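Please take me through this structure in the viewer, one selection at a time. I would like to know what to pick at each stop and what can be found there.

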Amino acid sequence: MTQPSRIIYLPPGVAAIPAAAPVAANGAPFDRNFFENVLPPAIAAFCSQVNCEVPVVELTTLDGVTHYVNGISGVADQWVALQTSSPDHDHPTQVFIPYQTIFRVEIHPEHDVRRHRLGFITESVTPKAERPAPERSKSRPAARRT
């Protein structure tokens, strides 16, 4: 008697592993949900584990560009708007990145004060002391013409 070749007989007491559910392709792994609900708590959890106040979040796109993310400015169904910094200049930049171009997102503790501007803005970071607005004296008389 010949057995079909696709059947595997297991010894007594050994159970077959249940078939895994097929993995549905959901598109890009980085999407609106990732930037709204996954990344912010992941950054907070990372900082609580490694005791960092200003983490550096690096986002790498398919073209090889690394964006140093300071914050998430906005999200849409097709793209994310990020406030970023650059090691080469002091001013922030806002970039709009399509989700399908994001290759990797990394979180690093940053202990280098010189690169502090590259860090992600978290609630644990204390903002720079704001200068109080100068007090205006009582209304001054208008200048008189002579």
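## Starting at a strand pair

Begin by selecting residues 66-75, strand S2, and residues 79-86, strand S3: the two pair in the antiparallel sense over six bridges. The model is a predicted one. Two of the bridge positions can be picked out by residue. Val 69 has Thr 84 in S3 as its bridge partner, and Tyr 68 is partnered by Ser 85, also in S3. At the turn, three residues lie between S2 and S3, which form a hairpin.

Keep S3 selected and colour by burial. Six of the eight residues of S3 are buried, so the strand is mostly covered.

## Across to S4

Now add residues 89-98, strand S4. S3 and S4 run antiparallel and are joined by seven bridges. For one position to centre on, take Val 80, which stands opposite Ile 97 in S4. The connection between S3 and S4 is a hairpin through two residues.

## The whole sheet

Extend the selection to every strand. The five strands make an open sheet, ordered S4-S3-S2-S1-S5, with antiparallel pairing. At the edges are S4 (89-98) and S5 (102-109), each of which pairs on one side only. Turn the view along the sheet to follow its twist, which averages 40° from one strand to the next.

Next, show residues 32-50, helix H1. This helix packs on the sheet and touches S1 (55-61), S2, S3 and S5. The direction of H1 makes about 25° with that of S5.

With the helix and the sheet both displayed, the secondary structure is complete: one helix and five strands. Along the sequence the pattern reads α-β-β-β-β-β.

## A stop at Ser 73

Return to strand S2 and select Ser 73, which is found there. Is Ser 73 buried, exposed or partly exposed? Its relative accessible area is 43%, and because buried means under 20% and exposed over 50%, Ser 73 counts as partly exposed.

Show the surroundings of Ser 73. Leaving out residues up to four places away in sequence, Ser 73 touches Ala 81, Leu 82, Gln 83 and Gln 94. For a distance label, use the C-alpha atoms of Ser 73 and Gln 94: they are 7.9 Å apart, with the two positions 21 residues apart along the chain.

## The salt bridges

Switch to side chains. How many salt bridges does a search of the whole structure find? The search finds three. Side chains of opposite charge can pair when their charged atoms come close.

Start with Arg 32 and Glu 36. They form a salt bridge in which the closest N and O atoms are 3.3 Å apart. Both residues lie in helix H1, four residues apart, which is about one turn of the helix. Arg 32 has 32% relative accessibility and counts as partly exposed. Glu 36 is also partly exposed, at 38%.

Keep Arg 32 on display and add Asp 77. The side chains of Arg 32 and Asp 77 meet in a salt bridge, at 3.1 Å from N to O. This pair links distant parts of the chain, since Asp 77 is in the loop between S2 and S3 and Arg 32 is in helix H1, 45 residues apart. Asp 77 is exposed because its relative accessible area, 59%, is over the 50% cut-off. Show the three residues together: Arg 32, Glu 36 and Asp 77 are linked in a network of salt bridges.

For another salt bridge, select Glu 106 and Arg 104, whose closest N and O atoms are 3.1 Å apart. Glu 106 is partly exposed at 25% relative accessibility, and Arg 104 is partly exposed with a relative accessible area of 39%.

## Zooming out

Finish with the whole chain in view. The protein has 146 residues, of which 25% count as buried. Among contacts with a separation of 6 or more, 59% are between residues 24 or more positions apart. If a surface is switched on, the accessible area of the protein comes to about 11,800 Å², with 55% of it belonging to carbon and sulfur atoms.

Definitions and conventions. Residues are numbered from 1 along each chain as its sequence is written. This is a predicted model: local features need pLDDT of at least 70, side-chain atom pairs count only at pLDDT 80 or more; totals for chains, interfaces and linings use all residues. Side-chain values use heavy atoms; hydrogens and water are left out. Two strands pair if DSSP finds at least two bridges between them. Axes are lines fitted to C-alpha atoms, for helices over the stretch in contact, and angles run from 0 to 180 degrees between N-to-C directions. Contact means heavy atoms within 4.5 Å. Buried means under 20% relative accessible area, exposed over 50%, partly exposed in between (1.4 Å probe, protein chains only). A salt bridge is a side-chain nitrogen of Lys or Arg within 4 Å of a carboxyl oxygen of Asp or Glu. Accessible areas come from the Shrake-Rupley method with a 1.4 Å probe; for residues, only the protein chains shown count as cover.
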